[in-house]
Amino acid sequence: MASPLMGDEDKGWFADNMAAPPADDKHKLRKTWYASYNRGVAGILYTLAQANTAGLDTSATNPFIARALDLIRDKYISRIAKAKTGLHFGSDGIAASLATAVQQGLIKPTTQHMNWIGLLLEKENLGSDIVNGGPGQGIAVMISAQFLGQQMVNDRLRSIAQKLIARQDKDGSWATGYYRQKLTRRKIKRATRGFMEGLSGAIYFLLEYGYRYSDTASKEAATRGLKWLMNKAKHSKGTVTWKTASNKEMIYGLSDGVAGLALTFIKAYQHTGLPVYRDYAVKALRSIPEDLTDSNITQRNGLSGLGEVYLEAYTVLDNEEWLDRAGWIAQVIMNLKKLHPKYGTYWLADHERQPVANFMVGNSGVMHFLLRYCHPSRISLPMMEKQPYTSFDTFQQPDKSISVYEPAPTA
């Protein structure tokens with residue numbers, strides 16, 4: 001992680017450009033420097049913070065951490081009024097990553113960085129999905145709560161939940177995506193099922209907020225959404241799966257697939273204890289082959305993301321079956337590792353020709369799963385922290401030396 005394989009000495013960790021490449025550049029790494037959680041330096045900081053928690057020595061990456069903070073300052077803090085929100089590709093995920101890095105001791109808790117967390121979360125997000133919308137921002141706010149003013153946290157979470165509930169259709173779904181009609185080419189709204197960009201992620205947020213903050217309306221909306229998902233499920237030989245909004249077979253992965261829906265049912269069971277939700281989670285995961293192999297080992301829709309869901313199932317459902325499945329994935333990943341004679345172990349997470357360090361499609365996401373497999377009780381599901389998001393009736397500020405962000409008063 002601190003080698004020229006994944007970063008430049010002057011500019012720090014690079015990623016492959018997300019824009020579609022020209023025809024003659026399809027097999028080249030087009031270095032780009034992103035700040036985001038999904039493909040940028042914030043996601044790498046997040047993994048290093050968890051490595052710090054596990055007791056690993058991360059000091060070799062300190063120069064790269066400094067470059068990462070400089071990039072966040074230049075791309076976001078210095079132009080905060082124009083900065084885009086979002087958990088995966090915007091300011092919300094960067095705030096949550098910084099908060100985690102401070103909480104886990106990777107970054108010293110300076111007043112400057114504490115103020116950054118508040119600034120990055122100040123702009124309200126009105127979308128409906130985890131990746132770019134309000135549910136993702138709500139998760140970031142909960143992760144960052146100890147660094148924010150009490151009123152800001154309560155007001156923002158309540159506002160996100162209320163706006164999300166107001167957009168819920170009567171049948172319990174949300175129109176979170178679009179498709180184009182073949183004949184007219186018109187964009188038509190559709191209820192996308194997936195976790196990252198669909199309604200199961202919205203349900204996950206409402207469950208987390210509703211039960212941790214005792215919000216009845218959020219609990220009821222989540223229940224309606226879960227019922228819609230159960231009505232859409234396809235049952236076969238003790239398993240359940242779903243079709244996509246365009247009526248195609250759903251893939252296995254976390255972002256757009258069965259594993260992401262199973263994760264929402266795991267969360268529902270964790271909060272309610274209702275066996276029906278456990279049953280759907282188990283049957284969904286059992287629709288995935290237990291000896292699955294794939295060259296895609298990313299968090300996004302590959303084996304690392306599936307492994308994270310298996311570890312969550314093991315933690316919440318208390319069944320060794322899911323730890324065994326996670327162990328299988330760990331072994332597959334270890335057999336796919338590459339070894340550089342000078343810089344050590346790395347992975348090509350999907351189809352890239354050169355290793356990249358980012359979280360959702362790169363090495364830090366793969367390493368996060370392996371770290372969590374080794375320390376399932378100490379490291380939690382990425383961006384879904386297990387720390388107590390209690391109401392502020394019992395909230396205690398953990399450290400008087402850590403500043404709390406208070407938004408500037410409006411005129």
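**Helices and core of a predicted model**

The protein, seen here as a predicted model, contains 13 helices and 10 strands.

Biologist: What share of the residues of the protein count as buried?

Modeller: A residue is called buried when its relative accessible area is under 20%. The protein has 411 residues, and the share of them that counts as buried is 55%.

Biologist: Why does the distance between the end C-alpha atoms of helix H1 agree with its 13 residues?

Modeller: The expected span is 1.5 Å times one less than the number of residues. For the 13 residues of H1, residues 41-53, this gives 18 Å. The distance between the end C-alpha atoms agrees with that value, because it is 19 Å.

Biologist: Against which elements do the buried residues of H1 pack?

Modeller: H1 is mostly covered, with 12 of its 13 residues buried. Among these buried residues are Val41, Ile44, Leu45 and Leu48. The buried residues of H1 pack against strand S2 (12-13), helix H2 (62-75), helix H3 (91-103) and helix H13 (363-374).

Biologist: Which residue just after H1 takes a positive phi?

Modeller: H1 covers residues 41-53. Just after this helix, a positive phi of about 90 degrees is taken by Gly55.

Biologist: Which helix gives the most to the largest nonpolar core?

Modeller: In soluble globular proteins, nonpolar side chains tend to be buried together. The largest nonpolar core here has 126 residues, and Trp13, Leu98 and Trp242 touch the most other members. With 9 residues, the helix that gives the most to this core is H9 (residues 258-272).

Biologist: Which residues does Leu98 touch, not counting those up to four places away in sequence?

Modeller: Leu98 is one of the core residues that touch the most other members. Leaving out residues up to four places away in sequence, Leu98 touches Leu45, Leu69, Ile72, Ile107, Trp116, Ile117 and Leu120.

Biologist: How many of the 15 residues of H11 are buried?

Modeller: Helix H11 runs over residues 303-317 and reaches 20 Å from its first C-alpha to its last, close to the 21 Å expected. This helix is mostly covered, and the number of its residues that are buried is 13.

Biologist: At what angle do H10 and H11 pack?

Modeller: Two packed helices are described by the angle between their axes and the distance between the axes. In H10, residues 275-285, the residues Arg278, Val282 and Leu285 meet Val309, Tyr310, Ala313 and Leu317 in H11. H10 passes H11 in a left-handed crossing. The axes lie 12 Å apart, and the packing angle is about 145 degrees.

Note on methods:
Residues are numbered from 1 along each chain as its sequence is written. This is a predicted model: local features need pLDDT of at least 70, side-chain atom pairs count only at pLDDT 80 or more; totals for chains, interfaces and linings use all residues. Side-chain values use heavy atoms; hydrogens and water are left out. Helices (H or I, at least four residues) and strands (E, at least two) are DSSP runs, numbered from the N terminus. Buried means under 20% relative accessible area, exposed over 50%, partly exposed in between (1.4 Å probe, protein chains only). A nonpolar core is a set of buried Ala, Val, Leu, Ile, Met, Phe, Trp, Tyr and Cys residues joined through side-chain atoms within 4.5 Å. Contact means heavy atoms within 4.5 Å. Axes are lines fitted to C-alpha atoms, for helices over the stretch in contact, and angles run from 0 to 180 degrees between N-to-C directions. A crossing is left-handed if the near helix is turned anticlockwise from the far one by less than a right angle, and right-handed if clockwise.
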